[in-house]
Amino acid sequence: MSDDTSIRLLGISGSPRKKSTDYIVNEALRYAHEKYGAEIEYFSASGKNMKFCIHCDYCVRKKEGCIHKDDLVELYDKMLWADAWIIGTPVYQGTLSAQTKTIIDRCRAVVARDPKAFMNKVGAATAVGGDRIGGQEPAIQAIINFYVISEMIPVGGGSFGSNLGGTFWSKDKGAEGVAEDSEGIRSLHRTINKLMKTAITMKNIR
Ligand SMILES: Cc1cc2nc3c(=O)[nH]c(=O)nc-3n(C[C@H](O)[C@H](O)[C@H](O)COP(=O)(O)O)c2cc1C
């Protein structure tokens, strides 16, 4: 479906691999497309050239975007296009991956050009750890903090099973591990339900 009423949903995987995080973000997009007719776009950090923010303040002085012209330029366009985002991260050392952090740090350049660039877009997060309780919630919390700072509307999936977002235990078995995690899939679907319903409400208000 592609019309004025459909929600544009962007999925971002902040894993350097196309394994468990890639699987769950694509599952979120598939679910949103099939259940809600969402228009979907995907960006994976895997294989991408992404430079760190170096705090040169080029973006603040020039208001022309980031000084780095790397593979994140394509992502900036998708971020602006979308009504709603889901960012997925693998858990590294109890929090989000460096790739996910680089993506959100580099968004400073977009907001420096237009402070309202992301305002009222709806954001959700999902995280996958090799351990059952390995830092999924701190990883999700870091992404939610970014949404708040960007004046977006953060959502989780609600109490009794989803809480802050989609939480997965891969047992370090990649896509196969998360596909077997039925509680994780349930938490993700509930998060997408909330994300889509909130995005539809916001679109109706506009
Ligand atoms: C550098 C590094 C640090 C990690 N730290 C954690 C951790 O703190 N907690 C955890 O549960 N898993 C940790 N893991 C395991 C990954 O989160 C897990 O294998 C995840 O499924 C990888 O996602 P991917 O398949 O999308 O790459 C770590 C993996 C790496 C490479």
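Helices and strands here are DSSP runs, numbered from the N terminus. The views below come from a predicted model.

**View 1. Who sits around the ligand in this predicted model.** Count the shell and you get 17 residues, with Ser20, Thr21, Val91, Ser170 and Asp172 as the closest. Sorted by class, nine of the shell residues are polar, four are nonpolar and four are charged. Strand 3 hands over the largest share, three residues.

**View 2. Backbone contacts to the ligand.** Gly94 puts a polar backbone atom 2.8 Å from a ligand oxygen. Another ligand oxygen contact comes from Val128, where a backbone N or O atom is 3.4 Å away. Over at Gly130, a backbone N or O atom lies 3.1 Å from a nitrogen of the ligand. On its own the ligand has 640 Å² of accessible area, and the protein covers 76% of that.

**View 3. The pocket that holds the ligand.** The ligand's home is the second largest pocket. Two or more shell residues come from each of helix 1 (20-36), strand 3 (84-92) and strand 5 (122-129).

**View 4. A cavity with cysteines by its centre.** The count gives one cavity of 30 Å³ or more. The largest cavity holds about 120 Å³ of space. Its lining runs to 15 residues, and Cys53, Ile54, Cys56, Cys59 and Cys66 lie nearest the centre. Helix 2 (58-62), helix 4 (98-106) and helix 5 (108-113) each give two or more residues to this lining. By class, the lining of the largest cavity splits into eight nonpolar, three polar and four charged residues.

Conventions. Residues are numbered from 1 along each chain as its sequence is written. This is a predicted model: local features need pLDDT of at least 70, side-chain atom pairs count only at pLDDT 80 or more; totals for chains, interfaces and linings use all residues. Side-chain values use heavy atoms; hydrogens and water are left out. A residue is near a molecule or strand if one of its heavy atoms lies within 4 Å of it. A polar contact is a pair of N or O atoms within 3.5 Å; within protein, one must be able to donate a hydrogen and the other to accept it, and residues adjacent in sequence count only if both atoms are side-chain atoms. Accessible areas come from the Shrake-Rupley method with a 1.4 Å probe; for residues, only the protein chains shown count as cover. On a 1 Å grid over the protein atoms alone, a cavity is a set of points where a 1.4 Å probe fits but cannot get out, and a pocket is an open set with protein on both sides within 12 Å along at least five of seven lines; lining residues have an atom within 4 Å of a point. A molecule sits in a cavity or pocket if more than half of its atoms lie within 2 Å of its grid points. Helices (H or I, at least four residues) and strands (E, at least two) are DSSP runs, numbered from the N terminus. Ala, Val, Leu, Ile, Met, Phe, Trp, Tyr, Cys and Pro count as nonpolar, Asp, Glu, Lys and Arg as charged, and the others, Gly among them, as polar. Grid points are joined across faces, edges and corners, and a volume is the space filled by probe spheres set on the points.
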